[in-house]
Amino acid sequence: MEIAKTFSRALAGIDSVQVSVEIHLSSGLPNFFIVGLPETAVKESRQRVRSAILTNHFEFPMKRITVNLAPADLPKQGGRYDLAIAIGILAASGQVARDSLQHHEFIGELSLTGDLRPVGGVLPCAYTINKTGRALVLPAQNAAEAGLINELTVLPAKHLLAVCTHLNGSRPLPSYSNREKQRQDIPIYPDLADVYSHHFAKRALEICAAGGHNLLMVGPPGSGKTMLAERLPGLLPPMSEQDALATAALHSVSDRGFRIGDWKQRPVRAPHHSASSVAVVGGGSHPRPGEISLAHNGVLFLDELPEFNRAVLEALREPLEAGKIRISRTARQTEYPARFQLVAAMNLCPCGYYNDHSDRCRCTLEQIRRYRGKVSGPLLDRIDVHIEVPNISPEILERRPDERSETSASVRHRVTRAYQRQLARAGKQNYLLNNEELGIYCRLDRPQTGLLRKAVKQLKLSTRGMYRILRVARSAADLAGSEAIRAEHLSEAISYRNSFDGG
């Protein structure tokens, strides 16, 4: 009996599961079977593996070959198991040493000539393999991604022959050691200094950046809503190593894949308003992360908010609260993190010129009501800050060479200090404070409590809306370096709920 076992990895969401590739060679008519819920691309590896072995002058066993991908109840997809299967067959037939197989894991697709081709989802696999103490053998194009895990031994290879000579001990593969990510500078984002005037909107951006709050901007076309939204990522605190790895892992398992140049970049996703629910929240026959997950630890910008399909907008409600999305299919469930910062922009009416003092708007009240009604109250209730962004007058634009706004770097410095206060106080940003923590960290005196009650009554806010006011007020206090929420902080937070009536 000739048998060998190698190790590889399957993906389940952003988690990786160890797959034992068991190879059995037995007497009988020559045949090649792959079992263990392989999809079509996995079954087709029989032809790729056979050709790669033969073109490199190895002997392909003329026996009954059975390849078992365990666990058997886990679906296997793609060409990522090619290398593990080929090495297993060569080891079972005595052409590659078996001694070191237990110390390696293999990921990679084979060409017909034995060249290794890159595969997706390497980063989650590398993160889990690091805990096992094994080395990871993979295509050279994937080495930089796997190298983000500092302690992992990454052995990149370009060809099947290089892997075989490594396992046989004649020519070891060099370990990947290029840790460029540790020396990367602060990512470059559009600068807030490019935005003239709009002081109220820029202050709202600063508070949202400090506390992680969601933002809705309402104003006529060309008033600068998109320009402001593009500058929010540059105000956010630098990403931690853990957050950067989580974001990179999501992009790694997506169809686009992860690019090493995006390391520690705050993701900014801006789907078109024609995007489907699956594109935005994730899904498909083989579930993939959607825009909300690809924006994890970053910004999701929805321009022309009412033009999105109503079902798409309503699907955002649960992820905004939970910070994750669970995609259920008949066979299994997949969960992706989705802790994003929502920035939405819309007009006040279908034509966009309502109340801009230009007399260009011809929309009827019924048209305006239907337009605003496309965005539901429950969704608006989950957005902490609502602001109006008016058009800038020509006089202000003429003076702009003499006016230089504050840079993103200086604002980010204040935001980072406020963010560190939040972590030191509660271990989380203000937007994550639960009701019990709000009672501890957002205490109000009697006059402030009366002001809040009056605002809730006049603005007809829900309990959720009231709590969001408290969170925003806490962020304003943190930016000011105040341990207590003062009247001016609470008044400012209330003003951000009074700027727009979505009804």
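**Notes on the predicted model**

1. Let's start with strand E3, residues 31–35. Phe 32 and Ile 34 sit on its covered face, while Asn 31, Phe 33 and Val 35 are on the uncovered one. That fits the usual pattern: in a regular strand, side chains alternate between the two faces of the sheet. Keep in mind throughout that this is a predicted model.

2. Who does E3 pair with? Its partner is strand E4 (residues 64–70), joined to E3 by 5 bridges, and the two run parallel. If you want one pair to click on, take Ile 34, whose bridge partner in E4 is Val 67. Ile 34 belongs to the covered face of E3, and Val 67 turns up again in one of the nonpolar cores below.

3. Zooming out, E3 and E4 are part of an open sheet of 4 strands, ordered E1-E2-E4-E3, with mixed pairing. The edges are strand E1 (2–12) and E3, each of which pairs on one side only. From one strand to the next, the twist averages 15°. Helix H3 (residues 82–92) lies across E1, strand E2 (15–26), E3 and E4, and it runs at about 170° to E1.

4. Ser 20 is worth a look inside that sheet. It has its place in strand E2. Is this serine buried or exposed? It counts as buried because its relative accessibility is 14%, and the cut-off for buried is under 20%. Leaving aside residues up to four places away in sequence, Ser 20 touches Lys 5, Thr 6 and Phe 7, plus Asn 68, Leu 69 and Ala 70.

5. Ala 70 has another feature to check: a cis peptide bond joins it to Pro 71, with omega at about 10°. Pro 71 itself lies in the loop between E4 and H3.

6. Two residues have a positive phi of about 55° without being glycine: Leu 37 and Lys 460. Leu 37 is in the loop between E3 and helix H1 (40–43), and it counts as partly exposed because its relative accessibility is 47%. Lys 460 is in the loop between helix H19 (446–459) and helix H20 (463–479). At 71% relative accessibility, Lys 460 counts as exposed.

7. Now the cores. Which residues have the most contacts inside the largest nonpolar core? They are Leu 215, Met 217, Val 343, Val 385 and Ile 387, in a core of 45 residues. To get a feel for it, pick Val 385: not counting residues up to four places away in sequence, it touches Ala 204, Cys 208, Asn 214, Leu 215, Leu 216, Val 472 and Tyr 496. A second, separate core has 42 residues, including Val 21, Ile 23, Val 49 and Val 67.

8. Last, a helix pair. The axes of helix H4 (residues 122–132) and helix H9 (residues 241–252) come within 7 Å and cross at roughly 130°, which means H4 is oblique to H9. On the H4 side the contact is made by Val 122, Leu 123 and Pro 124, and on the H9 side by Leu 245, Ala 248, Ala 249 and Ser 252. What classes of residue make up this contact? There are 6 nonpolar residues, 1 polar and no charged ones where H4 meets H9.

Notes:
Residues numbered from 1 in each chain as written. Predicted model: local features only at pLDDT ≥ 70, side-chain atom pairs only at ≥ 80, totals over all residues. Heavy atoms only, no water. Axes fitted to C-alpha atoms, helices over the stretch in contact; angles between N-to-C directions. Parallel < 35°, antiparallel > 145°, perpendicular 65-115°, else oblique. Contact = heavy atoms within 4.5 Å. Nonpolar A, V, L, I, M, F, W, Y, C, P; charged D, E, K, R; others polar. Buried < 20%, exposed > 50% of the residue type's maximum accessible area, 1.4 Å probe, protein only. Pairing = 2+ DSSP bridges. Core = buried A, V, L, I, M, F, W, Y, C linked by side-chain atoms within 4.5 Å.
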